[in-house]
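Dear colleague,

Please find below the structure that I am handing over to you. A summary of what was found in it follows.

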Amino acid sequence: MGQSVSLEEEIKNEADKHKNLHLIVVEGITKLTSRKVESCVSSDFYIDGLKWNIILVPAVGDDSLSMGLMLNDSKCVGSNWHVKCKVKVTLRNELITSMLYQTCSAHFSANCKKVDLVKHCFKKIHNYTDKDIVVFSATVTNVEPNGLNVTSIPRKMGTAERIKLMEVEKNKSKFTWKITHFSSFVGEHHSSYQFTVGPRRWFLRMCPQGTLEGKGNSLSLFLHASDYVTGPKTNTLAVYKLRVLDQFKRNHHEIGTKA
C-alpha cells in the first residue's frame with residue numbers, strides 16, 4: 001500500500017507544478033454556505049507584475065457560491081487601461097483527490113476590477129467538503145496589460161494560504177470600555193487595554209476630537225488588531241460592531257462593518 005500524502009505536501013506539489021497558481025484552503029466553508037460570513041478574500045498575490053485577489057461570495061437569490069478574481073493593483077489608475085487574461089479555477093476536496101475545474105477568459109478595466117468567474121451550488125461544494133474544508137485555486141495565465149507600465153517578473157512557484165472561518169459566541173465576543181474623566185483627556189488619541197476574541201488580541205482607539213474630515217467636531221473610534229494568541233500569523237477578516245452608548249437618552253450610535 002502506498003504511503004498517504006498530507007495536504008501540505010499535495011499543496012507544495014501543486015505550487016511546484018503551476019507557477020501562476022494561487023491556492024486557498026478554506027476551513028469552515030459552511031460559514032459561507034450558511035451566509036454567516038458575507039465573503040472570503042484571499043491575501044494579495046502577484047502574477048505578471050500585477051496584484052490579484054480571489055474572492056468567494058454567497059450569491060444573491062440562489063444557493064450558490066460565486067468565485068471571483070479581483071485586480072487590485074495601484075498601477076491600475078485612470079480610465080485608459082485594460083487587462084485580459086486566462087484563468088483556470090478549481091474546486092477540490094481536502095485530499096486533492098477529486099477536482100472540478102473550469103477555464104475562462106477575464107477582462108478587467110477601470111469600470112470592472114472584479115470578474116465573477118464561476119458559481120458552484122452549495123450542494124456541489126458540500127460534495128467536495130471533508131472536515132468542513134474545501135480547497136479553491138486560480139491559475140492566471142496569458143496576461144495582456146494595455147495602457148499600464150508593468151514589469152513582469154516570472155514566478156518560481158505557485159502560492160498558497162489557509163483561511164479559517166470561525167464564529168465566536170456572543171457572550172465571548174463583547175468588550176465594554178467605560179471611559180472616566182473623558183473631558184480631561186488631552187492628546188490626539190487614547191487606547192483601551194487589550195482583550196482577546198478568537199485567535200487574536202484587540203484594542204479600541206479613541207480620538208476625542210475626531211480625525212480627517214471630522215476633526216474638531218466629532219469623536220472617532222477604531223478597532224485595532226494586536227498580537228496572535230493561537231494559530232498561524234495570517235491576515236484576519238473580522239465582522240464587528242462598534243457602539244457608543246448614550247447614558248442619558250439611550251440614543252446609542254453604532255456601526256457594523258468588516259475589516
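How many helices and strands does the secondary structure of the protein come to? The answer is three helices and 16 strands. Please note that this is a predicted model.

Overall picture

Taken along the principal axes, the box filled by the C-alpha atoms is roughly 65 × 50 × 35 Å. The protein has 259 residues, of which 37% are buried. Among the contacts with a separation of 6 or more, 58% are accounted for by residues 24 or more positions apart.

The surroundings of Arg200

Arg200 is placed in strand β13, which covers residues 200-207. Which side chain of opposite charge is nearest to this buried residue? It is Asp227, but at 6.8 Å, and Arg200 has no salt bridge. The absence of a salt bridge follows from the distance, because such a bridge requires a side-chain nitrogen within 4 Å of a carboxyl oxygen.

Arg200 does have polar partners. A polar atom of its side chain lies 2.7 Å from the backbone oxygen of Ser226. The side chain of Arg200 is also joined to that of Tyr228 by a polar contact of 3.2 Å. Tyr228 appears a second time in this setting: the charged end of Arg200 sits over the Tyr228 ring, 3.9 Å from the ring centre. When neighbours within four places in sequence are left aside, the residues in contact with Arg200 include Phe195, Ala225, Val229, Thr234 and Thr236.

A further case of a charge over a ring involves Lys88, which lies over the face of Tyr101 at 4.6 Å from the ring centre.

Aromatic pairs

A pair of aromatic rings is described by the distance of the centres and the angle of the planes. The count of aromatic pairs comes to three. One of them is formed by Trp52 and Phe108, which are edge-to-face, with 5.5 Å from centre to centre and 75° between the planes. Trp52 belongs to strand β4 (residues 50-58) and Phe108 to strand β7 (residues 99-109), so this pair ties together parts of the chain that are 56 residues apart in sequence. Trp52 counts as buried because its relative accessibility is 0%. Phe108 likewise counts as buried, at 0% relative accessibility.

Phe175 and Phe195 form a stacked pair, because their ring centres are 4.1 Å apart and their planes are at 10°. This pair links distant parts of the chain, 20 residues apart: Phe175 is in the loop between β10 (159-164) and β11 (190-191), while Phe195 is in strand β12 (residues 195-197). Are these two residues buried or exposed? Both Phe175 and Phe195 are buried. Ring pairs also bring in Tyr193, which is linked with Phe175 and Phe195 into a cluster. Phe195 thus connects two topics of this message, as Phe195 is also among the contacts of Arg200.

Salt bridges

Side chains of opposite charge can pair when their charged atoms come close. How many salt bridges does the structure hold? There are 12.

One of them joins the side chains of Lys17 and Glu14, at 3.4 Å from N to O. Lys17 and Glu14 are three residues apart in helix α1 (residues 7-17), so about one helical turn separates them. Lys17 counts as exposed, with 57% relative accessibility, whereas Glu14 counts as buried, at 9%.

Lys51 and Asp44 also meet through their side chains in a salt bridge, at 3.8 Å from N to O. Here Lys51 counts as buried, at 19% relative accessibility. The cut-off matters for this residue, because buried means under 20% relative accessible area. Asp44 is partly exposed, with a relative accessible area of 41%.

Another salt bridge is formed by Glu254 and Lys241, whose closest N and O atoms are 3.4 Å apart. This pair links distant parts of the chain, with Glu254 in strand β16 (residues 253-258) and Lys241 in strand β15 (residues 239-244), 13 residues apart. Glu254 is partly exposed, at 37% relative accessible area, and Lys241 counts as exposed, at 54% relative accessibility. In addition, Glu8, Glu27 and Arg162 are joined into one network by salt bridges that share partners.

With kind regards

Terms used: Residues are numbered from 1 along each chain as its sequence is written. This is a predicted model: local features need pLDDT of at least 70, side-chain atom pairs count only at pLDDT 80 or more; totals for chains, interfaces and linings use all residues. Side-chain values use heavy atoms; hydrogens and water are left out. Helices (H or I, at least four residues) and strands (E, at least two) are DSSP runs, numbered from the N terminus. Buried means under 20% relative accessible area, exposed over 50%, partly exposed in between (1.4 Å probe, protein chains only). Lys and Arg count as positive and Asp and Glu as negative; His and the chain ends are not counted. A polar contact is a pair of N or O atoms within 3.5 Å; within protein, one must be able to donate a hydrogen and the other to accept it, and residues adjacent in sequence count only if both atoms are side-chain atoms. Contact means heavy atoms within 4.5 Å. Rings of Phe, Tyr and Trp (its six-membered ring) pair if their centres lie within 6.5 Å; planes under 30 degrees apart count as stacked, over 60 as edge-to-face and the rest as tilted. A charge sits over a ring if NZ of Lys or CZ of Arg is within 6 Å of the ring centre and within 35 degrees of the ring normal.
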